[in-house]
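Dear colleague,

I am handing over the structure we spoke about, and below it you will find an account of what turned up when I went through it. Please read the text with the coordinates open beside you.

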Amino acid sequence: MHRFKPVRASYVGRDKTYQPSPPALPWRDPTSASFESLGAADPDLEEKTTWETVSGLEDQQKRYLERLYAKGVLWKHPENDSSPTRSTIFRLSHGGDVEADGNCLFTASQKAMGADIDARELRRRTVKRFTEDLGSEDGGLERESIDAAIKHLYSPDLKAGWGIHVVQEVKLLAKKEDREGLDVAIKELVDLGLQREVAAESIYKERCIAVEDGPSWAQYMSISGSPQDEYDIITLQYTEEGLLSVDENREGHAAAFGDDIAIESLATEFKREIYVVQAHGSDAMVDEDNCVFFLPHRPRSQICGPPFFLFMKGTGWCGAGADHYEPLIAHSAPLISQEKAAVVL
């Protein structure tokens with residue numbers, strides 16, 4: 001049996017995490033109906049998607065996940081570990097594939113929750129929750145640390161970080177209505193003798209919005225890759241030697257991938273913990289008993305409902321290939337002793 005200590009997820013690049021004082025909110029005791037809704041997407045799901053049939057997993061990952069399903073995961077309410085009504089056993093099964101279109105955090109969350117709202121609405125509510133909390137004194141977001149984390153993620157200092165990254169990306173936002181004017185400006189520089197990518201880099205950095213603080217993150221995270229988006233995402237890729245490529249996203253299909261900040265805001269919106277279950281393969285140099293990690297994301301408010309779970313197939317030591325979320329369906333099971341559960345959260 002493994003016991004995982006729930007801790008607040010840290011944002012990459014931050015020196016410390018913030019510890020807000022959550023507002024007083026009532027706990028809703030879990031009911032059988034609430035747990036049934038976690039797996040309500042498909043009544044035949046368990047039979048169709050055993051871990052043995054899930055693609056992209058190595059044998060050691062499948063064996064561990066099958067044991068995890070058989071024994072279950074014991075979840076205790078983090079603020080009260082003595083009440084039986086606040087402890088639940090979950091058996092986790094794979095919830096099926098979702099499209100890898102940049103919206104997978106929200107598509108997978110919709111399936112994991114069994115929510116009667118679509119992924120685009122989940123994205124909108126996540127961004128709205130972040131924006132409201134950022135502007136509130138008691139919203140649990142410390143502006144300076146949030147801005148620093150966002151800048152590190154999307155407008156990194158290209159003079160640093162090369163001991164960790166081979167390629168670093170800078171994200172910029174171009175208004176859809178401005179694309180024609182941007183193309184004209186780029187062509188003018190090309191006509192003066194600049195290489196196309198160098199000219200594009202110069203114009204985009206000069207005229208587009210850098211994702212470097214809370215407000216620009218909200219604009220960025222609102223992008224779902226649809227024609228209704230106000231902005232297109234421009235991605236500049238760099239190596240230590242300089243500019244590598246410019247992804248101009250001319251079709252406007254690129255969506256903002258959900259990061260840790262988005263997951264925490266989603267958890268806060270629904271007042272539920274979100275666990276990202278990451279399964280590492282043999283290239284991560286971990287043994288079978290330690291190939292699955294539960295990464296907790298707690299809401300900035302008090303917890304008022306059971307958690308839900310998302311799945312990542314990690315590849316490599318730091319999950320470098322784990323850039324896609326899939327749903328896990330949590331089936332409630334009879335409460336057993338803590339010692340018999342595969343994992344205690």
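N249 sits in the loop between strand 7 and helix 10, and I begin there because this residue, in what is a predicted model, is buried at a relative accessible area of 10%. Although N249 is not a glycine, its phi is positive, at about 50 degrees. K271 also has a positive phi, near 55 degrees, and is likewise a residue other than glycine; its place is in the loop between helix 10 and strand 8. With a relative accessible area of 27%, K271 counts as partly exposed. As background for both entries, most residues other than glycine have a negative phi.

Salt bridges

The structure holds 20 salt bridges. One of them joins R125 to E269, with the closest N and O atoms 3.0 Å apart, and this pair links distant parts of the chain, since R125 belongs to helix 5 (residues 119-134) and E269 to helix 10 (residues 260-270), 144 residues apart. Is each partner buried or partly exposed? R125 is partly exposed at 23% relative accessibility, whereas E269, with a relative accessible area of 18%, is buried, because buried means under 20%.

A second pair stays within one element: K128 and E132 both lie in helix 5, four residues apart, about one turn of the helix, and their side chains meet in a salt bridge with an N to O distance of 2.6 Å. K128 is partly exposed, with a relative accessible area of 41%, and E132 is partly exposed as well, at 37%.

The side chains of E264 and R300 also meet in a salt bridge, at 3.1 Å from N to O. E264 lies in helix 10 and R300 in the loop between strand 9 (292-297) and strand 10 (308-314), so this pair ties together parts that are 36 residues apart in sequence. E264 is buried, with a relative accessible area of 3%, and R300 is buried at 3% relative accessibility too. The residues of these three pairs belong, together with R129 and D133, to a network of salt bridges.

Nonpolar cores and a surface patch

The largest nonpolar core has 39 residues, and those with the most contacts inside it are F130, I150, W217, Y220, M221, L310 and Y325. Among the elements that give two or more residues to this core are helix 5, helix 10 and strand 10, along with helix 6 (143-154) and helix 9 (214-221). The core draws at least three residues from each of domain 1 (52-140 + 257-344) and domain 2 (142-255). Not counting residues up to four places away in sequence, L310 touches L105, A108, I274, V276 and Y325, among others. Apart from this core lies another, of 25 residues, including V277, F309, F311 and A342. In soluble globular proteins, nonpolar side chains tend to be buried together.

At the surface, V166, V167 and L244 make a nonpolar patch of about 260 Å². L244 is placed in strand 7 (residues 242-247) and is partly exposed, with a relative accessible area of 42%.

With best regards

Notes. Residues are numbered from 1 along each chain as its sequence is written. This is a predicted model: local features need pLDDT of at least 70, side-chain atom pairs count only at pLDDT 80 or more; totals for chains, interfaces and linings use all residues. Side-chain values use heavy atoms; hydrogens and water are left out. Patches are made of residues with over 30% relative accessible area and no salt bridge: like charges are joined within 9 Å, nonpolar side chains (Val, Leu, Ile, Met, Phe, Trp, Tyr) within 5 Å. Accessible areas come from the Shrake-Rupley method with a 1.4 Å probe; for residues, only the protein chains shown count as cover. A salt bridge is a side-chain nitrogen of Lys or Arg within 4 Å of a carboxyl oxygen of Asp or Glu. Buried means under 20% relative accessible area, exposed over 50%, partly exposed in between (1.4 Å probe, protein chains only). A nonpolar core is a set of buried Ala, Val, Leu, Ile, Met, Phe, Trp, Tyr and Cys residues joined through side-chain atoms within 4.5 Å. Domain bounds come from an automatic or database domain assignment. Contact means heavy atoms within 4.5 Å.
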